[in-house]
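Me: I should like a close look at a single part of this structure, namely one of its sheets and what lies around it. Please explain it in a connected way, suitable for a first-year student.

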Amino acid sequence: MAISKRVAGIQPFYVMDILSRAKALERQGRDVIHLEIGEPDFPTPPLVAQYATDFVRRGEIRYTPAAGLAELRQAIAKHYRDRYGVQVESERIFITPGASGGFLLAMALLLDEGDKVLLEDPGYPCYSNFVRLFGGIPSLVPVGASTRFHLNSEILSATWDHRTKGAVIASPSNPTGAVLRPDELKALVEELERRSAFLISDEIYHGLEYDEPSPTALAFSDRVFVVNSFSKYFGMTGWRVGWLVVPADGIDNVEKLAQNLFISAPAPSQYAALASFMEMNLQELEQRRRVFQERRDFLCDHLQKIGFSIKTIPSGAFYVYADCSRFTSNSFDFALSLLEETGVAVTPGKDFGKNAPESHLRFSYAVTLDRLAAAVERIKSFTQRGLGVRR
Ligand SMILES: Cc1ncc(COP(=O)(O)O)c(C=O)c1O
């Protein structure tokens with residue numbers, strides 16, 4: 001079939017090779033510990049499941065307004081007041097099918113052919129693909145430990161050219177878990193505004209922080225685009241519900257896009273998401289956050305003891321991005337043989353960009369502490385046996 005050049009340019013995720021091998025091993029009866037996973041391991045919170053069930057039983061499952069249920073948009077506006085002390089009019093909040101739906105709307109709104117968008121490298125791989133699909137040019141900017149794996153206003157100025165239209169950042173970041181400080185985020189927002197450029201701030205891992213809470217870009221400007229989701233902190237990946245906050249003068253056009261691109265986010269999921277902000281649910285999420293924190297401490301400590309180097313201890317999300325150059329110069333091969341020999345699946349750095357991917361692996365701690373302990377033992381013996389030694 002003759003497919004578009006834009007689609008032909010999209011790379012499949014390398015972790016899919018790992019995943020399909022892991023599945024094959026499992027079919028043979030091998031026990032695989034999945035540290036390549038990008039979603040929380042907890043079930044849907046009970047209150048959320050209850051809300052969804054009640055709604056589905058009533059049977060009136062129809063389209064909602066394209067921008068989403070008014071009650072949910074108001075609940076999110078209240079969330080900004082309660083959590084961040086920031087005033088956001090509910091009319092600026094669009095309910096989307098996950099954060100992914102938010103990216104779709106924002107990129108469709110903002111990009112023209114040939115527009116360059118600055119992206120942090122390493123970073124979430126889908127940003128580049130969204131940019132490409134709308135005719136833009138992803139510009140991967142290498143970021144490292146010296147800026148805790150984030151763009152800052154100096155890097156932004158140094159990489160700017162006349163075709164640059166804006167930037168996407170994610171804090172806490174996938175894959176590094178690194179969090180921007182408020183002063184850094186403020187400087188970035190101001191620098192982009194000075195250049196009349198857009199900022200899309202991906203705040204999907206907000207709430208999953210273990211040191212300082214992340215500031216929202218909305219605290220510094222009402223011109224930024226903020227993408228968020230019920231997938232990670234709220235533990236609702238499969239429900240496909242998230243949100244996008246847009247500047248007031250973007251509302252009409254984003255509404256038009258939402259009507260055309262997906263009509264509305266799934267109605268049962270929007271009703272379910274309403275329960276997310278209830279006190280009982282927030283308490284449950286806080287307990288889960290503490291569990292993640294305990295796992296982070298455990299995993300970072302043990303990976304370092306084994307000989308991996310963690311240049312920035314992750315402060316959020318549920319990933320550790322570790323340097324494996326002591327053991328290998330090819331993290332993809334390392335990941336494959338680690339899986340083959342020990343049954344531990346991890347994500348190779350090359351899924352996150354072009355900045356030293358061969359010396360990095362992403363370990364997710366979305367598994368129980370017991371499984372994490374077993375994984376660490378297997379990884380240790382793998383490296384001690386010299387199986388992962390540089391080739
Ligand atoms: C940084 C980041 N942004 C966005 C997404 C997409 O999330 P959603 O499930 O809300 O579409 C992910 C999913 O892993 C992610 O890691």
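Reply: In this predicted model, Val226 stands opposite Val245 in strand 8. The pair belongs to the junction of strand 7 (residues 225-229) with strand 8 (residues 242-245), where four bridges join the two strands and the direction is antiparallel. Strands of a sheet pair through backbone hydrogen bonds, and the pairing may be parallel or antiparallel.

Strands 7 and 8 are members of an open sheet of seven strands, in the order 2-8-7-6-5-3-4. The pairing in this sheet is mixed. Its edges are formed by strand 2 (93-96) and strand 4, each of which pairs on one side only. From one strand to the next, the twist averages 20°. A helix also packs on this sheet: helix 8 (residues 182-194) touches strand 5 (164-170) and strand 6 (198-202). The direction of helix 8 makes about 150° with that of strand 6.

At the other end of the written order, strand 3 (residues 116-121) and strand 4 (residues 137-142) run parallel and are joined by six bridges. Within this pairing, Glu120 stands opposite Val141 in strand 4. Helix 6 (residues 126-133) completes a β-α-β unit with strand 3 and strand 4, and the unit is right-handed.

The ligand may be considered next. Of the 13 residues around the ligand, those that come nearest are Gly98, Ala99, Ser100, Ser229 and Ser231. Helix 5 (residues 98-110) gives the most to this shell, with three residues. By class, the shell has four nonpolar residues, eight polar residues and one charged residue.

For comparison, another open sheet has three strands, in the order 9-12-11, with antiparallel pairing. Strand 9 (319-323) and strand 11 (347-348) stand at its edges with a single partner strand each, so one side of each is left without a neighbour in the sheet. Two bridges pair strand 11 with strand 12 (residues 360-364) in the antiparallel sense, and Pro348 stands opposite Leu361 in strand 12.

Finally, there is a contact between two helices. The axes of helix 12 (residues 331-342) and helix 13 (residues 369-384) come within 10 Å and cross at roughly 110°. Helix 12 is therefore roughly perpendicular to helix 13. Leu338, Glu341 and Thr342 of helix 12 make the contact with Arg378, Ile379 and Phe382 of helix 13. Three nonpolar, one polar and two charged residues are found in this contact.

Conventions. Residues numbered from 1 in each chain as written. Predicted model: local features only at pLDDT ≥ 70, side-chain atom pairs only at ≥ 80, totals over all residues. Axes fitted to C-alpha atoms, helices over the stretch in contact; angles between N-to-C directions. Parallel < 35°, antiparallel > 145°, perpendicular 65-115°, else oblique. Contact = placed C-beta atoms within 7 Å. Nonpolar A, V, L, I, M, F, W, Y, C, P; charged D, E, K, R; others polar. Pairing = 2+ DSSP bridges. Right-handed = clockwise from strand over helix to strand, strands pointing away. Near = placed C-beta within 6 Å.
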